[in-house]
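Hi everyone, thanks for coming. I'd like to walk you through one structure today, so let's put it up on the screen.

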Protein chains: 2
Amino acid sequence: MAQLNNVTPLFKDLAKVEHEHNIACKECSLYRLCLPLGLHSNDLAQLDKIIKRSQSYTRGQPLFATDTPFKSIFVVRSGSFKTTVQASDGREQVTGFYFPGEFIGMDAIYEQAYKSTAKALESSSVCELPFEKLQEFGATMPQLQVQMMSRLSKELSGDKTLMFLLGKKTAEEKLATFLLSLSRRFQDRGFSAREFQLSMSRGDIANHLGLAVETVSRLFTRFQDEGLINIQGKAISLVDSDKLKQLCG
Amino acid sequence: MAQLNNVTPLFKDLAKVEHEHNIACKECSLYRLCLPLGLHSNDLAQLDKIIKRSQSYTRGQPLFATDTPFKSIFVVRSGSFKTTVQASDGREQVTGFYFPGEFIGMDAIYEQAYKSTAKALESSSVCELPFEKLQEFGATMPQLQVQMMSRLSKELSGDKTLMFLLGKKTAEEKLATFLLSLSRRFQDRGFSAREFQLSMSRGDIANHLGLAVETVSRLFTRFQDEGLINIQGKAISLVDSDKLKQLCG
DNA sequence: AAGGCGCATTGACCTGGATCAATTATCAGT
DNA sequence: ACTGATAATTGATCCAGGTCAATGCGCCTT
């Protein structure tokens with residue numbers, strides 16, 4: 001329950017020590033989730049040199065904006081981010097939420113410009129990977145290229161799943177799926193799969209799932225009434241994740 | 001109007017000559033849309049050797065099925081394909097349509113298994129790129145890796161756009177956007193942006209856009225009544241693409 | 001040319017979730 | 001501790017687009 005009331009930024013503790021210091025990749029607590037995985041240690045040392053480490057962002061601060069030139073890919077170090085695409089009429093779609101070890105900005109490689117906006121959801125930090133350097137290194141480190149492609153492919157695969165969710169699932173299924181996806185990601189990062197903080201607003205969740213805020217709010221209440229979850233503000237606890245799993249469709 | 005009544009497979013003529021012969025990449029009419037773009041000619045010759053060329057598929061025939069091991073990426077040579085993701089309850093989402101020069105199967109790299117199904121929409125052919133070989137070559141041809149990443153990134157970027165469409169657009173906006181996207185792709189391939197054949201069924205279109213078949217059918221009729229398009233079966237002609245552009249939102 | 005089958009169209013009706021509106025929490029800043 | 005702003009909840013109503021049902025149209029097969 002202590003964790004439920006913990007209002008410090010998500011994952012802060014995970015990278016607490018490293019946050020202020022320029023710790024090397026191989027000492028980083030995110031190592032096994034991150035890009036360098038599988039590199040030889042001399043290659044890793046090389047990579048280490050080009051990474052701009054632990055840049056900090058506060059809640060709402062943009063990591064990059066739409067239509068700015070592409071320079072770097074970012075890896076979340078601590079905290080969390082959201083990405084959105086906008087239409088000229090102001091409508092926008094939250095295309096993803098990003099947690100430590102996840103990559104942001106890969107969809108900009110082709111156009112050589114960011115086609116989305118990334119914003120911090122809380123106090124967060126990233127490692128910046130200058131893409132040009134990454135390419136240079138790739139020439140001598142095929143393993144790095146494989147890793148990069150693998151990452152791109154993973155996001156692609158996730159996007160297809162999201163397309164299914166947006167196109168075919170009901171509101172209930174959407175929200176259940178979303179909660180379990182978060183749960184799994186928290187678990188992968190060594191946190192409780194049962195209790196965590198939602199760093200994004202109800203509005204962000206609704207937008208991401210193609211729903212209205214009111215619908216999300218009502219569903220949270222209903223899920224709680226039905227004993228599936230326990231939610232209080234940003235603190236959520238998955239009481240019956242089996243039932244939740246069934247609701248995913 | 002002749003083209004409207006042309007019932008031969010889409011793009012057949014584009015790759016007609018090459019279709020039966022094992023023509024080299026640099027002689028291929030799709031060259032400027034395809035992977036080898038930007039490779040040095042000796043690298044290209046190498047690549048040429050590993051490509052399994054012009055395999056043919058008939059309407060409805062699967063290129064690969066969900067959960068089969070990942071071996072190759074495919075490039076459409078002629079005709080067209082659709083990809084779908086399925087849920088256990090039978091629901092499925094058409095995640096994309098693919099035309100000559102476009103890549104299929106890139107979302108399988110990470111999982112090392114296809115997580116979607118690809119089916120030919122008409123008589124079609126592909127070039128198969130064995131991924132393992134592609135990786136080997138990548139070690140000595142950084143340019144190839146860049147191309148691959150660029151491709152992956154392009155699809156990623158397209159998927160985000162599709163997410164916006166699925167999550168935020170009205171039925172009318174969805175269909176208008178879809179038609180113009182097709183139009184642009186036909187144009188890129190040297191065909192008329194105004195008149196073309198829809199190789200996919202109304203059902204496929206509806207599914208892809210997160211709509212019911214009936215809605216798509218009604219919209220086609222309405223667009224025609226309003227003088228925006230001319231449609232007769234699979235043959236469509238964009239009469240007022242400016243107005244159509246306005247409808248995209 | 002007749003029958004059959006899948007696809008497409010059209011009409012009538014219904015509903016899940018959006019929208020509108022009114023409170024009520026929550027929280028950041030002083 | 002107070003306060004204004006922003007986010008979240010809850011209720012009432014509405015409508016875009018889904019569902020159901022009937023019919024029409026190619027197109028293939030014999």
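Into which domains is chain A divided? Before I answer, keep in mind that this is a predicted model. Okay: chain A has domain 1, residues 9-159, and domain 2, residues 169-247. Going by C-alpha atoms, the centres of domain 1 and domain 2 of chain A sit 25 Å apart. Where they touch, domain 1 of chain A puts in 20 residues and domain 2 of chain A puts in 14 residues.

Let's stay at that interface for a moment. The area buried between domain 1 and domain 2 of chain A comes to about 1600 Å², with 59% of it from carbon and sulfur atoms. There are also three salt bridges across it. For instance, A:R185 pairs up with A:E102 in a salt bridge, with 3.0 Å between the closest N and O atoms. On the domain 1 side of chain A, strand β5, residues 92-98, gives the most, with seven residues. By class, that side of domain 1 has ten nonpolar, four polar and six charged residues.

Now over to the DNA. Which residues come nearest to DNA strand C? Out of 15 around the strand, they are A:A171, A:T215, B:S217, B:R218 and B:T221. Sugar and phosphate make up 61% of the strand C atoms within 4 Å of the protein. On the phosphate side, a polar side-chain atom of B:S217 is 2.8 Å from a phosphate oxygen of strand C, and for the side chain of B:T221 the distance to a phosphate oxygen is 2.7 Å. A:R218, meanwhile, has a polar side-chain atom 3.0 Å from a base oxygen of strand C. And the element giving the most to this surface is α7 of chain B, with four residues.

Terms used
Residues are numbered from 1 along each chain as its sequence is written. Chains are lettered from A and ligands numbered from 1 in the order in which they are written. This is a predicted model: local features need pLDDT of at least 70, side-chain atom pairs count only at pLDDT 80 or more; totals for chains, interfaces and linings use all residues. Side-chain values use heavy atoms; hydrogens and water are left out. Domain bounds come from an automatic or database domain assignment. Contact means heavy atoms within 4.5 Å. Buried area is the accessible area (1.4 Å probe) that two parts lose on being put together, summed over both. A salt bridge is a side-chain nitrogen of Lys or Arg within 4 Å of a carboxyl oxygen of Asp or Glu. Helices (H or I, at least four residues) and strands (E, at least two) are DSSP runs, numbered from the N terminus. Ala, Val, Leu, Ile, Met, Phe, Trp, Tyr, Cys and Pro count as nonpolar, Asp, Glu, Lys and Arg as charged, and the others, Gly among them, as polar. A residue is near a molecule or strand if one of its heavy atoms lies within 4 Å of it. A polar contact is a pair of N or O atoms within 3.5 Å; within protein, one must be able to donate a hydrogen and the other to accept it, and residues adjacent in sequence count only if both atoms are side-chain atoms.
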